[in-house]
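Me: I should like to learn how helices and buried residues are read from a model. May we work through one together?

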Amino acid sequence: VLRLILGDQLNHQLASLRDINIETDIVLMAEVDAEVNYVKHHKRKIAFLFAAMRHFAEALRGDGIFVVYRRLDDPENGGSLESEVKRAIAAHKISKLVVTMPGEYRLMEIMKHWQSRFGIVVDLREDDRFLCSLDKFESWADGRRQLRMDFFYRDMRRDHNILMDGGEPIGGKWNFDSDNRESPKAGMVIPPPLQFAPDGITTEVLNLVATRCVDHFGDLGDFGFAVTRQQALAVLDHFIEQRLPDFGRYQDAMLLDEPWVYHSHIGFYLNAGLLLPAEAIAAAEIAYHNGHAPLNSAEGFIRQILGWREFVRGIYWLKMPDYAEQNYLDANRPLPDFYWTADTQMNCLRQCVLETKATPMRIISKG
C-alpha cells in the first residue's frame, strides 16, 4: 500500500496513516514544481512547508516507516504529484493508494481520476482533523435562506460542548466581540511570539527556496517558524501563557511596527497539521476555566477556529467549483504595483505590504 502525504497533512493522526502496516506499506512525500508555481506562493510559505515536510518525514522514519521523499531539486523529480505517484507505483509494485482528501478543489479533481488512470484501488479518505465533516456542513446549510457563521458557530459550540453551561453559553452570550475592540495603550509591552533558529534541514530548504523561487513575493531573512510538532506545541503553550489573556480586548488593534500584537501565530501550524484544532481550542478553554484568561479572550480565540475556520472550509467545498468564478463587485483590474512594492504614501497600506512581505503569518495570525 502506498500512502501519499501532502504538505498540509503533517500529523501522525492523519486518516491515511492510522492503519499503516510498517512492515509492508510505503509513505510518499514530494516537493513538486506544480504545487510551488501554480500561483506564486510567498517564499516563506514554501520554505516553511518544505522544512516541516522534511522534518515530518524524518519523524516517520524514526517510527520505522519506509518513506520515499522526493526533493524539489532532485534531477529525477517529475514536477507533479501525479508523476511522483505514478513513479512510486511502478517502482514498488503498489496495489493500493491511500490518501487523505486535499484541501483544494483543484487537487481533488486530479485525484478523482487516479483510480482509472493508475489501474489500482485509490482509497480517498475524508480529512477528519476538522471538527465539522463536509456532509455535516452540507446538512446544516440545506434549506437555510442565509448561511451565517454566527449560527453555525453556535451549533458547533453545542455539538462539541465548548464553553457551555448545560444548553446555554457560559457568560450568557455566544459572542463577546463587543469586548474585543480596545485601543492599544501608550508604552504597552507586547510579549513576542516564540521563534526557533533554523537547524540544518531548514537552512538547506531556505537556500533551495532562495535559488528556485527568485521571482516569488516575500523575504526569507530572520526565518523562525516552528517546523516540528514539538515546536508547534511549544508555540501554542507560549501563546496561551503570555498573550491569550490580552488577546480578546486587543484582538482588532493595529500598531505601527507591531505585526503580531497579541495574536496566536499558529495559523500555519493548524493548516499544515503540526497542530490540531481540537487541541488549540481545548488549551484556550482550559486557560479560561483555570482563571488564566478572561472569557472574552478565550471565546474570541475559539471563535476563529471553531467558527470561522470550519465555516469557511464548509462554504468552500459546498460552493465549489462555481465559487471560484463569482465576482460580485465585478473587479477586473489588476492590483496596483504598490501592493507588491509598498511604494505608496498611504502609510497603513505601506505597513501592511511591507510586513506581509517580511512574513506571511500576519494575515492568518488569528488561527
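The dialogue below takes up helix length, burial and helix packing.

Reply: This is a predicted model, in which local features need pLDDT of at least 70, side-chain atom pairs count only at pLDDT 80 or more, and totals for chains, interfaces and linings use all residues. Residues are numbered from 1 along each chain as its sequence is written, and side-chain values use heavy atoms, with hydrogens and water left out.

Me: What span should the 14 residues of helix H9 have?

Reply: Helices are DSSP runs (H or I, at least four residues), numbered from the N terminus. The expected span is 1.5 Å times one less than the number of residues. For H9, residues 229-242, this gives 20 Å, and the end C-alpha atoms are indeed 20 Å apart.

Me: Which residues of H9 are buried?

Reply: Buried means under 20% relative accessible area (1.4 Å probe, protein chains only). In H9 these are Gln231, Ala232, Val235, Leu236, His238, Phe239 and Ile240. Their cover includes helices H10, H11, H12 and H13.

Me: How are H12 and H13 placed relative to each other?

Reply: Two packed helices are described by the angle and the distance between their axes. The axes of H12 and H13 come within 9 Å and cross at roughly 165 degrees. H12 is therefore roughly antiparallel to H13, a term for angles over 145 degrees.

Me: Which residues of H12 meet H13?

Reply: Pro277, Ala280, Ile281, Ala284, Glu285 and Tyr288 do so. Their partners in H13 include Leu295, Phe301 and Arg309. The residues of this contact (heavy atoms within 4.5 Å) divide into eleven nonpolar, no polar and two charged.

How values were computed:
Helix = DSSP H or I, 4+ residues; strand = E, 2+ residues; numbered from the N terminus. Buried < 20%, exposed > 50% of the residue type's maximum accessible area, 1.4 Å probe, protein only. Axes fitted to C-alpha atoms, helices over the stretch in contact; angles between N-to-C directions. Parallel < 35°, antiparallel > 145°, perpendicular 65-115°, else oblique. Nonpolar A, V, L, I, M, F, W, Y, C, P; charged D, E, K, R; others polar.
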